Amino acid sequence: MGSQPTRFAIIGNGAAGTYCAEQLRKLDAACEILMIDDEPYTLYNRVSLPRYLRGVLLEQRVYVRDMEWHVKNRIDLRLETKVDQVSFDEKTLHMEPGGEIPYDRLLIATGGRPNPLKAPGAEDAKYLFNFQYFDEAKGMVARIPESKVAVVLGGSFIGYELTEAFAHRGLETHWLMRGPWFLRRALDKEGGEVITLLARDAGVHLHYDEAIDRLEPMNGQTKVTGTKDFSATADMVGVGLGLTMNIDIFADTGLETNVGVLTDEFLATNIPDVWAAGDVAEFYDVVSQRHHRMGTWDNSLNHGRHVAKNMLGAKEPYVEVPTYASGMFNSNISVMGVTTEEEPEAEALVEVDHQGRNYKRLFFLGDRLVGAILVGKMKGRKKVLELIHQRTPIPDRGSVFGLLAMPELPVKAAATTEQ
Ligand SMILES: Cc1cc2nc3c(=O)[nH]c(=O)nc-3n(C[C@H](O)[C@H](O)[C@H](O)COP(=O)(O)OP(=O)(O)OC[C@H]3O[C@@H](n4cnc5c(N)ncnc54)[C@H](O)[C@@H]3O)c2cc1C
C-alpha cells in the first residue's frame, strides 16, 4: 500500500460498524473511512428502543452519534445507501446510489432483519409491526394513543419487549407464543413459571402454545385469530419472530457463511482483507470453543472496537463471555455464556423461589460452568462471569449456588448499556 492512506470500507453503521470506525480513526489518523448504511439515521441505540416505546425515553435520547461527530472524525457516512454487490477479487463494492468504489480493507457489519409474520392477511395488515428499526418504533408510538388492545406474538426477547411496552402504556395486552413458556430452549418449566408470574403481575394476558393463524381487517382494527382458541380484535399487533442475517449480497462470492458470516477468533473471514463483526458475525468463540453468533449491543460494540485493531494489522483473538441483560417486567433477566439453546448437551442445575420471583439456572459441560440464566435478583452475576471465563473444573457443581449467595459489588443494568 506504500505511503497511501489505507481505504477502509464498513457496511452497516450499527454499533459494530460505528465503534469500528471510531477505533480506526483513533489508531490511524491518516486512513480513509467510508461507512454505508441503508437506514436514514446516524447510530442510534436499539437497546433504547423499548424504553422509547414505553414512553419513558425521549426520541433524541435514542441517538448515540450525530452527523457532526462523523464529520469531525472524517468518517464518510453514506445514509439511505445500499451496498448491492461486492467483488472480493477486484476489491470493489457497488452502492446504490453512488456506484462502484474501491476499498483496501472491508468490514461486514450488516446485522439482521426481522422475520415477517407469514399468515393470511399479514401482508395487508395496517398496524402490524416488527421491532428492529427506529421507524418501526416511531410507527408504534404514533399508534398507541389510538389503541386499547394489543396482541404480541413471540416467545423471545423482542416478544417480551413489545409486551412489556404495550402493558406499560395501559393497553390490554395479549402475549402469544408458540412454545409452552418464554425462552423455551434456555429456560425449564420452573423458569417459565417465574416469567408467567412476573407477566401476570404486570397485567399481561398469556397464551401459550398459540400462534397467529390469520388477520382480517375490521372497522380500522384487526381481527386476530389464533391457531388454537385465541381470538381478539386488536388495534395493534407486534411480532418478534427472530432475525435473518443480512448476507444475501455475498451469495456466490466465495465468502463462507452459515446463519451469519463465518469468522475465526480474530473476526477475519476466509477472504483476505475482509472481516465481520456484530450480530452478523458467526465467530469462533475462544471461551465456549465453538462458532457462536450473538445478538447483543455489548458484543457488537466490543467486536467493533476489537476488529479495528486487527484490520490495522494486529492479530488478537476476541475473548469475551457473551452476556445479555434485560428488564423482565418489574424484575431483571440475565443470560450469560452458553445455554441449552446453543448447546442442548449442557447439563443444568436449578434453584427457584417462586414466591420471591427468583430463579437461577446454571449450565455445565462436564465439570466446567459454561453458562447461566438469572431471573430476579442479579446477585452472583459477576461471580458467574468469572467462573465461566476461568474455565476451572468445578467437581461439586451445586457449590456454585453457595458462591453466588456471597456479597459482591452491584452490576450494571441493561438500561445503562455502554454508548
Ligand atoms: C428492540 C430491541 C431491543 C434490544 N435489546 C437489547 C438489550 O436489552 N440488550 C442487548 O444487549 N441487546 C439488545 N438488542 C440487540 C442489539 O441492539 C443488537 O445486537 C445490536 O444493535 C446489533 O448491532 P450491529 O451493529 O451488529 O447490527 P445492526 O444494528 O443491525 O446494524 C446493521 C446495519 O446495517 C444495515 N445494512 C444491512 N445490509 C446493508 C447493505 N447491504 N447496505 C447498507 N446497509 C446495510 C442495516 O440496515 C443496519 O442499519 C436489542 C435489539 C432490538 C431491536
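## Exercises: core, sheet, cavity and pocket

Among the 49 residues of the largest nonpolar core, Phe166, Trp175 and Phe182 touch the most other members. This is a predicted model, so local features need pLDDT of at least 70 and side-chain atom pairs count only at pLDDT 80 or more, while totals for chains, interfaces and linings use all residues. Residues are numbered from 1 along each chain as its sequence is written, and side-chain values use heavy atoms, with hydrogens and water left out.

**Exercise 1.** Work out which element gives the largest share of this core.

*Solution.* Start with the term: a nonpolar core is a set of buried Ala, Val, Leu, Ile, Met, Phe, Trp, Tyr and Cys residues joined through side-chain atoms within 4.5 Å, and buried means under 20% relative accessible area (1.4 Å probe, protein chains only). Next, list the elements that each supply at least two residues, among them α4 (134–143), α5 (157–168), α6 (189–201) and β26 (368–375). Helices (H or I, at least four residues) and strands (E, at least two) are DSSP runs, numbered from the N terminus. The winner is α5, with six residues.

**Exercise 2.** Sort out the order β13-β14-β15 and find the strands at the edges.

*Solution.* Two strands pair if DSSP finds at least two bridges between them. Here three strands form an open sheet with antiparallel pairing. β13 (212–218) and β15 (231–234) each have a single partner strand, so one side of each is left without a neighbour in the sheet. Now zoom in on β13: six bridges join it to β14 (residues 221–226), and Met218 stands opposite Gln221 in β14.

**Exercise 3.** Describe the largest cavity and its lining.

*Solution.* On a 1 Å grid over the protein atoms alone, a cavity is a set of points where a 1.4 Å probe fits but cannot get out; a pocket is an open set with protein on both sides within 12 Å along at least five of seven lines, and lining residues have an atom within 4 Å of a point. The structure holds one cavity of 30 Å³ or more. The largest cavity has a volume of about 50 Å³, volume being the space filled by probe spheres set on the points. β26 gives the most to its lining, three residues. By class, that lining divides into six nonpolar, two polar and two charged residues.

**Exercise 4.** Do likewise for the second largest pocket.

*Solution.* Its volume is about 160 Å³. Its lining includes Glu351, Asp353, Lys360 and Lys377, and β24 (347–353) and β25 (358–365) each give two or more residues. The class count is three nonpolar, one polar and five charged.

Key. Ala, Val, Leu, Ile, Met, Phe, Trp, Tyr, Cys and Pro count as nonpolar, Asp, Glu, Lys and Arg as charged, and the others, Gly among them, as polar. Buried means under 20% relative accessible area, exposed over 50%, partly exposed in between (1.4 Å probe, protein chains only).
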